[in-house]
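Subject: Structure handover

Hello,

Here is the structure for you to look over. My notes follow below it.

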Amino acid sequence: MSFIRSLFGLGPKVDYKEAVNNGAIIVDVRTKGEFKNGHIEGSLNIPLPELNKKLNKLDKNKTVITCCASGVRSGSAKSILKSSGFEAHNGGAWRILKSKI
């Protein structure tokens with residue numbers, strides 16, 4: 001199971017509620033249309049194809065939790081963020097993440 005978690009960029013278990021309570025930022029990497037149809041209150045919408053160009057909108061001093069529809073795009077986003085010096089976690093599907101926070 002850890003191989004599959006690693007494959008999708010999920011990494012070790014994270015207490016998302018605690019992370020958010022400690023100031024973590026949730027970045028939803030779905031399209032603007034997907035985001036408009038439902039999202040986690042307070043999350044930022046930065047579609048995955050735009051993420052590299054908008055890294056300056058994020059604070060490197062804050063943990064970033066990525067989410068999307070299924071966890072695949074958010075896994076890619078987590079990798080981009082980590083390689084750019086952010087502490088980042090893949091929160092997976094936004095609806096599931098919403099229930100964890």
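β3, α4 and β4 form a right-handed β-α-β unit. Right-handed means that, with the strands pointing away from the viewer, the path from the first strand over the helix to the second runs clockwise. Helices (H or I, at least four residues) and strands (E, at least two) are DSSP runs, numbered from the N terminus.

A note on the source: this is a predicted model, in which local features need pLDDT of at least 70, side-chain atom pairs count only at pLDDT 80 or more, and totals for chains, interfaces and linings use all residues. Residues are numbered from 1 along each chain as its sequence is written, and side-chain values use heavy atoms, with hydrogens and water left out.

Strands. β3 is largely enclosed by the rest of the structure, because five of its five residues are buried (under 20% relative accessible area, 1.4 Å probe, protein chains only). Both of its faces are covered. V64, T66 and C68 lie on one side, I65 and C67 on the other. β4 is mostly covered too, with six of its six residues buried.

Pairing. Two strands pair if DSSP finds at least two bridges between them. β1 (residues 25–28) runs parallel to β3, joined by four bridges. There, D28 stands opposite C67. β3 also pairs with β4 in the parallel sense, again over four bridges. V64 has A88 of β4 as its bridge partner.

Helix. α4 covers residues 72–83, twelve in number. From first C-alpha to last it reaches 17 Å, close to the expected 16 Å (1.5 Å times one less than its number of residues). Its buried residues are S74, G75, A77, K78, I80 and L81. β3 (64–68) and β4 (88–93) are among the elements that cover them, with contact meaning heavy atoms within 4.5 Å. After α4 comes G85, with a positive phi near 95°.

Rings. The charged end of K60 sits over the ring of F86, 5.5 Å from its centre. The rule asks for NZ of Lys or CZ of Arg within 6 Å of the ring centre and within 35 degrees of the ring normal.

Best wishes

Methods: Buried < 20%, exposed > 50% of the residue type's maximum accessible area, 1.4 Å probe, protein only.
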